[in-house]
Protein chains: 2
Amino acid sequence: MADYLAVVNGGALNALGIVKLPYSKKQLRGEEEEEEAEASHSPPSVLNATQIGGILGLSPQKTLATSTPSFPGWYADAPPAWPGEAHMFEVEKVLFHDKSQYQELLIFQSKKHGKIAVLDGFLQLSEKDEFAYQEMITHLPLCSVPNPKKVLLIGGGDGGILREISRHSSIMQVDICEIDMMVIDAYKQFFPDIAVGYKDPRVRLHVEDGVAFMRSVEEGTYDVIISDAFAQMGTGAVELADKNFLCWVARALRPGGVFCAPADSLWLNQFKVEETIAKCREVFKGSINYAWSTVPAYSSGMIGFVLCATEGPPVNFKNPINPLDIDNYGVAKGPVRFYNSEVHTAVFCLPSFARKRATSKS
Amino acid sequence: MADYLAVVNGGALNALGIVKLPYSKKQLRGEEEEEEAEASHSPPSVLNATQIGGILGLSPQKTLATSTPSFPGWYADAPPAWPGEAHMFEVEKVLFHDKSQYQELLIFQSKKHGKIAVLDGFLQLSEKDEFAYQEMITHLPLCSVPNPKKVLLIGGGDGGILREISRHSSIMQVDICEIDMMVIDAYKQFFPDIAVGYKDPRVRLHVEDGVAFMRSVEEGTYDVIISDAFAQMGTGAVELADKNFLCWVARALRPGGVFCAPADSLWLNQFKVEETIAKCREVFKGSINYAWSTVPAYSSGMIGFVLCATEGPPVNFKNPINPLDIDNYGVAKGPVRFYNSEVHTAVFCLPSFARKRATSKS
């Protein structure tokens, strides 16, 4: 049994059940680093849906001491922040499943949502709707400042945000800090239309930790910093809650520079975006706003964004002053599919139940 | 086996599997009408999640000749328009399960989404987010016309739209056509905060078919007609596609009167709202617009709305001229939780991929 690992989905065993991984027994005993090079060169284990179903299919409820739904041939997305529900996707074929020293990545071909990527049990993106997320997290900040020249992306190793940044011709330099080469390599192999972002010649890849990198750059270097760090996606914005991280972001931004990061869905029972906004306001002295977008692959069908400006030339996030040139595709194959200036303004409008908690004082 | 019926969810067996119904063998042979009175007086079958799980739990994949996910103690919402995915809700207790001559209604207490109602296998509402749907389908049309006095609701037997209509003090008369008393009675019993809409003294309940009723009223009777007919919810707006139905609606509206009905989510693969809009334009000669709202309980986490105005005083749906008095709760227990004038305007802003297909020419 030692070379079998349970696929953990938000802390609970999921529908894919037990999948054979290309791990050695040494790795399973915690000796990952020594074996890392070997693991990254191993071919990914490829199992089709029938094989996956077959492993656990006979009596899942007997082997799973959990109430998270599982069903042969389906993947269950059931993050712990969303108890009592699960979003299931039919699996056609598992394309990639591996673990680096940082995280575990699963990529499968779904039946109806294109390829789907899952990082440490959290659904990262589906090809069907990734553009909604990538476009909004990129163009909301970039269209809010005049003439952005230098951009830093923290995380976002898939390349989708880089693809979107490439549509902006004013930009001279794009730094990306992605700590995990496994993520980059896997996206280049399985999601070429997303990883295409790396083809932008303005991109400089730094395979290192974002905070370490920000400490190394001069104060006031960037017009825009976008954080796509994984921890923010499904667990209540862990890094957004880290004031130390935010201070390094603010330091790296020029006066009137802008930061954007994913935030909780406003439908989350423990929606605490007001706390995040309060914390951001302590660090960033300009406008602080919450926005959201429909992304059906994510829990509740949406995701939030926090936008923060440093003290300096005022930024009005709701009224984009740097409209996107829709004829400039950058390295993308076609025009934006989700973002437009009307939508930009609309996503700051909040339902009444969320409005008091999330609106900006500035 | 004759007194057992499979619970059909969008055409496929769902997680609740086989549940004992209070049906006689006569009913199962299709003799519903004769037995209807008896059925409606039978106590609902009450099964808790463990019992439900127990019925099918041992080897679901052996008894279900379907690929729709099922899992003991969970309800799978998997409408056929959304293949390859399912939204699962943990069931605490089944509260009601019965069938009238028109449809089958299932109500269960979910673990985290309040009570959930399912009509003929289509998820109708969850207590967690029903207000988003009910408020938007009501206030989008009512806030778009000055001083509405007479309103017709077709379907909507749960009473939630009536609850929202009650917040408008200008209204003198609310006619509701709900064909199925089972729906009304069940909502009054299990969803008192929704069925509270019936307490509005301006409401006149007509237990009959909406088209038959519209044929009986004078031309130009209503300022606003809202259709919440079930067929539109999950199957591609069946009745919206029925030009005959739309003609009766247009006839019953005054010049410059307004019609609102649910429409497909813009994430639906076969999103054909442009066809619906074209059809509406043939019948209604005023503004035609598509809007949408986040409602996590529905597939893709959202639902669309079509708004149509008849020829007459022009209606600009995007700019509400009849703002809601938020201090007037009507028969509701508190203020609106979702709708506000900002959101009203924002929900007409569409992502680029949907904009060409759904925007109004007027």
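**Exercise 1. Getting to know chain A**

How many helices and strands does the secondary structure of chain A come to? Then find what share of its residues is buried.

*Solution.* Keep in mind that you're looking at a predicted model. Step one: go through the secondary structure of chain A, and you get 14 helices and 14 strands. Step two: turn to burial. Chain A has 362 residues, and 63% of them count as buried. Step three: look at what's left on the outside. Chain A exposes about 13,500 Å², with carbon and sulfur atoms supplying 52% of that area.

**Exercise 2. Buried or not?**

Decide for Ser144(A) and Met181(A): buried, partly exposed or exposed?

*Solution.* You need the cut-offs here: buried is under 20% relative accessible area, exposed is over 50%, and partly exposed is in between. Start with Ser144(A), which sits in the loop between α5 (130-142) and β8 (150-155) of chain A. Its relative accessibility is 4%, so Ser144(A) counts as buried. Who covers it? Leaving aside neighbours within four places in sequence, Ser144(A) is in contact with Val315(A), Phe317(A), Ile321(A) and His344(A).

Now Met181(A), found in helix α7 (residues 181-190) of chain A. Because its relative accessibility is 34%, Met181(A) counts as partly exposed. Together with Leu205(A) and Val207(A), Met181(A) makes a nonpolar surface patch of about 220 Å².

**Exercise 3. Into the core**

Which residues touch the most other members of the largest nonpolar core?

*Solution.* First, the background: in soluble globular proteins, nonpolar side chains tend to be buried together. The largest core here has 204 residues, and Phe284(A) and Phe284(B) touch the most other members. Next, check the surroundings of one of them. Beyond its neighbours within four places in sequence, Phe284(B) is in contact with residues including Leu246(B), Val249(B), Leu253(B) and Phe259(B). There's also a second, separate core of twelve residues, with Trp74(A), Met88(A), Trp74(B) and Met88(B) among them.

**Exercise 4. Where the chains meet**

Describe the interface of chain A and chain B by its contacts, buried area and salt bridges.

*Solution.* Contacts come first: 48 residues of chain A are in contact with 49 residues of chain B. Next comes area. The two chains bury about 4,300 Å² between them, 59% of it on carbon and sulfur atoms. Last, the charged pairs: two salt bridges are found across this interface. For a salt bridge between the chains, look at Arg355(A) and Glu342(B), whose side chains meet at 3.8 Å, N to O.

**Exercise 5. Following the salt bridges**

Which parts of chain B does the pair Lys115(B) and Glu127(B) tie together?

*Solution.* Begin with the pair itself: the side chains of Lys115(B) and Glu127(B) form a salt bridge at 3.9 Å, N to O. Lys115(B) is in strand β6 (residues 115-119) and Glu127(B) in the loop between β7 (122-126) and α5 (130-142), so the pair ties together parts that are twelve residues apart in sequence. As for burial, Lys115(B) counts as buried because its relative accessibility is 18%, while Glu127(B), with 29%, is partly exposed.

Try another pair. Asp223(B) and Arg254(B) form a salt bridge, with their closest N and O atoms 2.6 Å apart. This one links strand β11 (residues 222-228) to strand β12 (residues 253-263) of chain B, the two residues being 31 apart. Both Asp223(B) and Arg254(B) are buried. Finally, salt bridges with shared partners join Glu130(A), Arg163(A), Glu164(A) and Arg167(A) into one network.

Terms used: Residues are numbered from 1 along each chain as its sequence is written. Chains are lettered from A and ligands numbered from 1 in the order in which they are written. This is a predicted model: local features need pLDDT of at least 70, side-chain atom pairs count only at pLDDT 80 or more; totals for chains, interfaces and linings use all residues. Side-chain values use heavy atoms; hydrogens and water are left out. A nonpolar core is a set of buried Ala, Val, Leu, Ile, Met, Phe, Trp, Tyr and Cys residues joined through side-chain atoms within 4.5 Å. Buried means under 20% relative accessible area, exposed over 50%, partly exposed in between (1.4 Å probe, protein chains only). Contact means heavy atoms within 4.5 Å. Patches are made of residues with over 30% relative accessible area and no salt bridge: like charges are joined within 9 Å, nonpolar side chains (Val, Leu, Ile, Met, Phe, Trp, Tyr) within 5 Å. Accessible areas come from the Shrake-Rupley method with a 1.4 Å probe; for residues, only the protein chains shown count as cover. A salt bridge is a side-chain nitrogen of Lys or Arg within 4 Å of a carboxyl oxygen of Asp or Glu. Helices (H or I, at least four residues) and strands (E, at least two) are DSSP runs, numbered from the N terminus. Buried area is the accessible area (1.4 Å probe) that two parts lose on being put together, summed over both.
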